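Here are a few friendly exercises to help you find your way around. Have a look at what is shown below, try each task, and then read the worked solution.

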Amino acid sequence: MLEYTNKIQEIAKKILSEGKVDMVIGFRKGTIPMMSEPCFVTDADGVGELSFDSNCGSNLANYIMDRKEKIGIVAKGCDSRNIVNHIIENKIKREQLYIIGIPCRGMVDRHAVGAALGGEILEAVENADSLVVKGVDGEATYSLVDMLQDNCKTCTHRNPVIVDEMVADKVEEQQDTNPYEDVKKIEALSPEEKTAYFDELLSPCIRCYACRNACPLCYCPTCFVDESRPQWLGKSQDITDVKTFHFLRAYHCSGRCTECGACENACPMGIKVRQLTKKLNMDCLETWGWEAGLTVDARPALDQYNLNDPEEFIK
Amino acid sequence: MTVIKIDKTEFASGLEKLKGSNKLFSPAKKGKDFEFAKLDAGEVPDLEGCRNTGMSPKSLIYPQSETMFEYTTEEADPDANLMKDVEKDYAPRVVVGLRPCDAYSFKLVQRNFESPEYRDPYWADSYEATAFISIACSQPYSTCFCTTAGCGPFHEEGSDIILAEDGDGYIAKAVTEKGEKLLADAGWATTAEGGEDKFASLKKAAEEKVTSSIDISKVRDMAILDLYEADFWEKEAFACINCGTCTFVCPTCWCFDIQDENKGKEGVRMRNWDSCMFPLFTVHGTGHNPRDQKYMRLRQRYMHKLKYYVDKYEDDVLCTGCGRCIRMCPVNIDIRRICDKMNSYVKA
Amino acid sequence: MSDWEPKIVSFFCNWCTYGAADLAGVSRMEHPPNTRVIRLPCSGRVSPKFILAALRQGADGVWVSGCHPGDCHYIEGNYYARRKFNLMKNLLEHMGLEPGRVQFSWISSAESTKYVQVINEVIETVRKLGPAKDFVKDKPKVD
């Protein structure tokens with residue numbers, strides 16, 4: 001995806017100098033290997049800052065809510081689905097946006113690369129389908145496909161669903177992926193085992209809220225965590241509070257989550273927080289055939305209904 | 001101060017002796033990183049495997065959630081409606097295998113918790129009960145910039161004993177009285193010949209490996225308001241998602257929030273780490289928030305570390321250069337880059 | 001625990017189940033006293049926060065009841081609620097809450113007989129499960 005950088009810069013330069021947009025939101029190269037930083041450019045001469053590689057796992061839709069400018073935005077498949085969400089939820093107007101579409105081949109999980117390398121990544125060079133990383137004890141080459149983020153491995157919407165200009169031809173979508181395999185495994189457990197599983201999964205949480213804040217869906221002016229009258233949950237490391245937080249955070253994403261993986265990518269403790277949102281996504285898909293953010297013409301799963309929706313669980 | 005050579009067997013048996021009258025903590029692999037954990041009898045810490053822990057050892061002295069008082073409103077209880085101190089365990093503790101920068105961080109934090117005017121009993125008692133056996137860095141991260149942040153890979157201030165890896169053992173240097181006593185308690189006694197020189201040469205080699213740096217030479221003389229009103233903050237803060245990662249992983253971030261929690265007639269008053277990155281940190285009872293934009297919150301963090309603290313205590317930065325915030329930030333906000341923006345800022 | 005009685009927090013829609021409970025009462029229909037009723041304008045008003053709050057504060061079970069589909073006083077509130085409850089219940093149970101801790105029903109204001117039948121069912125299911133364990137907030141366990 002390295003060749004995308006030039007094209008992104010070219011498009012950004014064009015739309016900025018033509019006055020089509022006031023700013024372009026994209027990525028710039030990070031200060032450490034395998035990192036990118038979301039950034040914006042307002043000047044056609046400054047587009048050289050923009051770059052794109054397989055380390056752009058942040059979701060840029062997170063940076064456009066309630067903005068008044070005309071914005072050019074670099075969007076992978078998942079980002080574009082979150083842009084659709086924002087349009088539906090009136091967080092931005094379609095006319096404000098010039099969407100620079102990225103046909104995405106998946107983002108690399110830097111934690112996985114770090115774990116495979118067994119230490120700090122000192123240097124990383126990305127090639128067309130491989131990654132050469134240098135660590136303290138030498139060099140290693142990995143295939144990009146093997147090092148993808150979990151969500152990217154099973155992604156079926158790699159091409160943007162809403163776009164003004166693509167940086168390259170569409171990529172082939174993955175078929176027959178099995179994204180909910182691990183959810184099904186958990187479902188097979190007994191209630192006690194499930195409790196133990198989630199206690200274990202969530203106990204390293206430090207309540208930094210990176211998962212919430214990295215998520216473009218989380219934009220409430222006051223999050224339930226910060227509400228004090230009534231106070232829905234405590235602020236300590238008590239596991240019940242931690243679980244309550246994660247339950248409600250996930251639930252607030254139901255019918256809206258696009259599996260972009262920004263939450264997991266952001267977690268400093270490496271918690272697989274998508275174990276919760278995935279269950280909701282699976283239920284949305286299996287119960288109502290719903291996948292979030294595919295079209296601006298349909299209301300999200302919890303903002304619509306059918307007269308004959310399943311209700312076996314209701315007496 | 002005593003400098004001795006300890007081989008690995010002696011080291012392990014010494015730790016066992018210390019476990020008799022101390023609780024020991026050391027890095028242990030947990031999840032994707034090493035984290036501090038209690039060292040049980042028979043366990044030997046993996047000091048070579050851990051370059052540094054994911055979280056700093058801050059929580060050993062200052063837990064993320066700490067109960068201070070408890071109360072009951074049950075009238076039948078003679079102590080009804082009284083805030084009572086929670087019983088605390090301040091039995092002697094030894095932290096083994098923390099890095100010198102982390103040991104030094106407690107000295108910075110001490111300014112806040114134990115000043116001539118005010119003493120935070122929980123932090124201070126806990127700190128007093130703890131001894132630190134740090135292990136010098138021979139392999140700093142590329143994000144480490146300790147040598148320009150007031151300490152270094154062999155920095156001694158804050159440690160009671162500092163170990164340096166040397167072949168099949170360690171050179172141990174007692175830095176404080178407490179450290180001398182620990183050496184004696186552990187039965188580590190042999191004096192190392194030429195240990196002091198070896199220590200100095202290892203130190204020099206390690207310091208050369210720290211290639212990253214910050215520079216606040218110009219920040220010191222800048223007017224606070226000029227920096228505060230500088231034009232780069234909004235651009236630098238753009239990517240920031242205002243999570244608490246940088247503050248929670250930071251060994252020198254000390255802010256907390258006090259909460260009462262009750263169930264029925266029983267309740268506790270506790271404190272939890274807070275973060276200046278959160279809007280709730282500054283929101284007033286009226287609903288007004290003086291730091292209602294994210295760039296203001298980001299500015300607060302870096303101004304505090306690199307300017308306010310420096311001015312107030314006429315000292316170095318409130319940062320040890322451990323680089324955790326750089327490595328852990330989900331969106332690559334880099335304190336070195338921000339410091340550079342601050343230091344090179346010229347008022348228009 | 002032999003004298004333990006389940007405590008149920010019930011969220012009832014004002015226009016139906018709340019009326020049914022009232023009708024059951026004035027009709028002198030005997031039913032157990034284990035529920036604490038919270039009256040809401042519509043089952044669509046029920047937020048997952050309410051259910052979590054009830055469990056956290058020590059409810060052994062939560063029972064949400066509203067109008068039959070098609071009968072909503074606000075035309076479609078219970079249709080939205082139905083979707084919401086579906087996901088909510090599934091996720092709670094996915095995280096380890098026992099099936100039966102949180103229950104739902106549609107009971108119109110005329111169905112006092114159904115009301116009595118369901119309240120018994122709800123209580124007996126929870127009684128079999130025993131006191132709640134998940135999501136119960138006790139004194140913080142932190143040190």
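**Exercise 1: The overall form of chain C**

With 143 residues, chain C has a radius of gyration of 15 Å, which agrees with the value near 15 Å for a compact globule of that length. Keep in mind that this is a predicted model.

Task: Work out how the box around chain C and its share of buried residues add to this picture.

Solution. Start with the box: along the principal axes, the C-alpha atoms of chain C fill roughly 50 × 35 × 20 Å. Next, turn to burial, where a residue counts as buried when its relative accessible area is under 20%. By that cut-off, 59% of the 143 residues of chain C are buried. Finally, look at the contacts: among those in chain C with a separation of 6 or more, 84% are between residues 24 or more positions apart.

**Exercise 2: The order of elements**

Task: Find how many helices and strands chain C has, and in what order they run.

Solution. First count the elements: chain C has four helices and four strands. Then follow the chain from the N terminus, and the elements read β-α-β-α-β-α-β-α.

**Exercise 3: Surface and charge**

Task: Describe the exposed area of chain C and the placing of its charges.

Solution. About 6000 Å² of chain C is exposed, and carbon and sulfur atoms supply 52% of that area. As for charge, chain C carries 19 positive and 15 negative charges, and their mean positions lie 6 Å apart.

**Exercise 4: Two residues with positive phi**

Task: Decide whether Ile75(C) is buried or exposed, and do likewise for Phe135(C).

Solution. Begin with Ile75(C), a residue other than glycine whose phi is positive, near 75°. You will find Ile75(C) in the loop between strand E3 (61-66) and helix H3 (77-94) of chain C. Its relative accessible area is 63%, and exposed means over 50%, so Ile75(C) is exposed.

Now take Phe135(C), which is not a glycine either and has a positive phi of about 65°. Phe135(C) sits in the segment after helix H4 (112-129) of chain C. Its relative accessibility is 3%, and therefore Phe135(C) counts as buried.

**Exercise 5: A visit to chain A**

Task: Locate the domains of chain A and the cis peptide bond at Pro230(A).

Solution. Chain A is divided into domain 1 (1-106 + 157-173), domain 2 (110-147) and domain 3 (178-306). Taken over C-alpha atoms, the centres of domain 2 and domain 3 of chain A are 30 Å apart. The cis peptide bond joins Arg229(A) and Pro230(A), with omega about 0°. Pro230(A) belongs to the loop between helix H7 (210-214) and helix H8 (239-252) of chain A.

Note on methods
Residues numbered from 1 in each chain as written. Chains lettered and ligands numbered in written order. Predicted model: local features only at pLDDT ≥ 70, side-chain atom pairs only at ≥ 80, totals over all residues. Heavy atoms only, no water. Domains from an automatic or database assignment. Helix = DSSP H or I, 4+ residues; strand = E, 2+ residues; numbered from the N terminus. Rg over C-alpha atoms; globule rule 2.2 N^0.38 Å. Buried < 20%, exposed > 50% of the residue type's maximum accessible area, 1.4 Å probe, protein only. Contact = heavy atoms within 4.5 Å. Areas by Shrake-Rupley, 256 points an atom, 1.4 Å probe, with all protein chains shown as cover. Lys, Arg positive; Asp, Glu negative; His and termini not counted. Charge placed at Lys NZ, Arg CZ, Asp CG, Glu CD.
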